[in-house]
Amino acid sequence: MKKIISKREYDTETASLVKKYTVGEFGDPAGYEESLYQTPGGLYFLYFRGGPQSPYAQEDIKCLAKTKVNAWLETH
């Protein structure tokens, strides 16, 4: 997935996967996954998607400040 946020491109195809966190099984309507990526320029973003009853019913990308990366890694 690719998304432009504040004139910066975030693309799961060109970024490096740092860690993936999955809740539930494939096909679980409440299941979801969050994937932390780092761009070639050093920026971090979360890619998330899930079932219709999950917190991420639609796939999307969200920027993640470097100060929040460690907190996300510690909780996932």
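Is E33 buried or exposed? In this predicted model, E33 has a relative accessibility of 14%, and E33 therefore counts as buried, the limit for that class being under 20% relative accessible area. The residue belongs to strand β4. The paragraphs below describe the sheet that holds this strand, two of its residues, the salt bridges, the hairpin and the largest pocket.

The sheet is open and is built from 4 strands in the order β3-β4-β5-β6, with antiparallel pairing. Its edges are formed by β3 (16–23) and β6 (60–64), each of which pairs on one side only. From one strand to the next, the twist averages 20°. Within the sheet, β4 (residues 32–38) and β5 (residues 44–50) run antiparallel and are joined by 7 bridges. In this pairing, E34 stands opposite F48 of β5.

Outside its immediate sequence neighbourhood, which is taken as up to four places away, E33 is in contact with K20, Y21, T22, Y47, F48 and R49. A longer separation along the chain was also computed for this residue: E33 and W72 lie 39 residues apart in sequence, and their C-alpha atoms are 13 Å apart in space.

S35 is a further residue of strand β4. Its relative accessibility is 1%, so S35 is assigned to the buried class. With residues up to four places away in sequence left out, the contacts of S35 are L17, K19, K20, F45, L46 and Y47. For one of these contacts, K19, the C-alpha atom is separated from that of S35 by 5.8 Å, at a distance of 16 residues along the chain.

The model contains 3 salt bridges. Two of them involve E33. In one, K20 is the partner of E33, and the closest N and O atoms are 3.9 Å apart. This pair links distant parts of the chain, with K20 in strand β3 and E33 in strand β4, 13 residues apart. The value of 3.9 Å falls within the 4 Å limit, and the pair is therefore counted as a salt bridge. In the other, R49 is the partner of E33, with the closest N and O atoms 3.1 Å apart. Here too distant parts of the chain are linked, R49 lying in strand β5 and E33 in strand β4, 16 residues apart. K20, E33 and R49 are thus described as a network of salt bridges.

The accessibilities of the network residues can be set beside one another. K20 has a relative accessible area of 44% and is partly exposed. R49 is likewise partly exposed, with a relative accessible area of 42%. E33, at 14% relative accessibility, is buried. The network therefore joins a buried acidic side chain, under the 20% limit, to basic partners in the class between 20% and 50%.

The remaining salt bridge is formed by the side chains of D60 and K3, with an N to O distance of 2.7 Å. D60 lies in strand β6 and K3 in strand β1, so that distant parts of the chain, 57 residues apart, are linked. Both residues fall in the partly exposed class: the relative accessible area is 25% for D60 and 27% for K3.

Strand β1, which holds K3, is part of a hairpin with β2. The strands β1 (residues 2–5) and β2 (residues 8–11) run antiparallel and are joined by 4 bridges. I4 has E9 in β2 as its bridge partner. The hairpin has 2 residues between its strands, and S6 in the turn shows a positive phi of about 50°.

The largest pocket encloses about 180 Å³ of space. It is lined by 13 residues, of which E25, F26, G27, G31 and Y32 are the closest to its centre. The elements contributing two or more residues to this lining are β3, β4 and β5. These strands also occur consecutively in the order of the open sheet, and they are the strands that hold K20, E33 and R49.

Conventions
Residues numbered from 1 in each chain as written. Predicted model: local features only at pLDDT ≥ 70, side-chain atom pairs only at ≥ 80, totals over all residues. Heavy atoms only, no water. Pairing = 2+ DSSP bridges. Axes fitted to C-alpha atoms, helices over the stretch in contact; angles between N-to-C directions. Buried < 20%, exposed > 50% of the residue type's maximum accessible area, 1.4 Å probe, protein only. Contact = heavy atoms within 4.5 Å. 1 Å grid on protein atoms, 1.4 Å probe; cavity = no way out; pocket = protein on both sides within 12 Å on 5 of 7 lines; lining within 4 Å. Points joined across faces, edges and corners; volume = space filled by probe spheres on them.
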